[in-house]
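User: I am new to this structure, and I would like a close look at one part of it. Please start there, then show me how the rest is built around it.

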Amino acid sequence: MRRSSQWGWFLAWLAVGGCLALGLVTLLTVGVVLLVVGGAAAVLLLRKGHRDAAVGGLAGLGLPLFYLAYLNRGGPGNVCQVSASGSTCTDEYAPVPFLVAGAVLVAAGFVVFLLREHRHRGTG
């Protein structure tokens, strides 16, 4: 029971990290609201939650990077799409840096959490 509840806290922190990262990415639109919500959730989790699971926030920072990689999947360069009503062209970045950075952050969060779990299980 204790182990599954710690995974729950980890996933809560994962959501907070994703919310904060998405808030930074969308700062010029709804980002301020997301930062306030993520900050309030972080304060609540720090008061009520399991502090070792806070590394889930690190993993959550990588989630918006996966979305950015998906949005730029046709890049790098000028990408045009043709529809029945015309065509639209957009400049896209290379998706690989976003994908790699997201994978590193998510993997680092999971690895640190698992190492801390293993260390606590060994001492407990």
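Analyst: A short definition will help before we begin: helices here are DSSP runs of type H or I with at least four residues, strands are runs of type E with at least two, and both are numbered from the N terminus. Please also keep in mind that this is a predicted model.

With those labels, we can go to D52, which lies in the loop between α2 and α3, the latter spanning residues 56-61. Is D52 buried or exposed? Its relative accessible area is 17%, and the buried class takes in everything under 20%, so D52 counts as buried. Setting aside residues up to four places away in sequence, D52 is in contact with F113, R116 and H120. For a sense of distance, take V37: D52 and V37 are 15 residues apart in sequence, and their C-alpha atoms are 21 Å apart in space.

Now look at V55. Beyond its neighbours up to four places away in sequence, V55 touches F10, G109, V112, F113 and R116. F113 and R116 have already come up as contacts of D52, and they appear again in the list for V55.

V55 also leads us into the largest nonpolar core, which has ten residues in all. Its members are F10, W13, L14, V16, A42, L45, A53, V55, A59 and F113. Two helices, α1 (2-25) and α2 (31-48), each give at least two residues to this core. Which element supplies the largest share of it? That is α1, with four residues.

Since α1 has this part in the core, two of its other residues deserve a visit. The first is Q6, found in helix α1. Q6 is buried, because its relative accessibility is 3%. Leaving out residues up to four places away in sequence, Q6 touches H50, A53, F113 and E117. A53 and F113 are both core members, and F113 is also a contact of D52, where we started.

The second is C19, which has its place in helix α1 too. C19 is buried as well, with a relative accessible area of 17%. Apart from residues up to four places away in sequence, it touches L34, V37 and G38. V37 is the residue whose C-alpha was 21 Å from that of D52. C19 and T90 are 71 residues apart in sequence, with 26 Å between their C-alpha atoms.

Further along comes helix α4, residues 63-71, whose buried residues are P64, L65, L68 and A69. These cover an arc of only 150 degrees around the axis, which puts them on the same side of α4.

Next come the strands. β1 (residues 77-83) and β2 (residues 86-92) pair in the antiparallel sense over seven bridges. A hairpin of two residues joins β1 to β2, and S83 stands opposite G86 in β2. In a regular strand, side chains alternate between the two faces of the sheet. C80 and C89 are joined by a disulfide, with an S to S distance of 2.0 Å. The link between C80 and C89 is right-handed, at 105 degrees about the S-S bond, and the count of disulfides comes to one. How accessible are the two cysteines of this link? C80 is partly exposed, at 45% relative accessibility, and C89 is also partly exposed, at 42%.

Finally, let us step back to the whole protein. It has five helices and two strands, and from the N terminus on the elements run α-α-α-α-β-β-α. Along the principal axes, the C-alpha atoms fill a box of roughly 65 × 30 × 20 Å. The radius of gyration is 18 Å, whereas a compact globule of 124 residues would have one near 14 Å. Of those 124 residues, 31% count as buried, and D52, our starting point, is one of the buried residues. Among contacts with a separation of 6 or more, 66% are between residues 24 or more positions apart.

Note on methods: Residues numbered from 1 in each chain as written. Predicted model: local features only at pLDDT ≥ 70, side-chain atom pairs only at ≥ 80, totals over all residues. Heavy atoms only, no water. Core = buried A, V, L, I, M, F, W, Y, C linked by side-chain atoms within 4.5 Å. Buried < 20%, exposed > 50% of the residue type's maximum accessible area, 1.4 Å probe, protein only. Contact = heavy atoms within 4.5 Å. Arc of directions from axis to C-beta. Disulfide = S-S within 2.5 Å. Pairing = 2+ DSSP bridges. Rg over C-alpha atoms; globule rule 2.2 N^0.38 Å.
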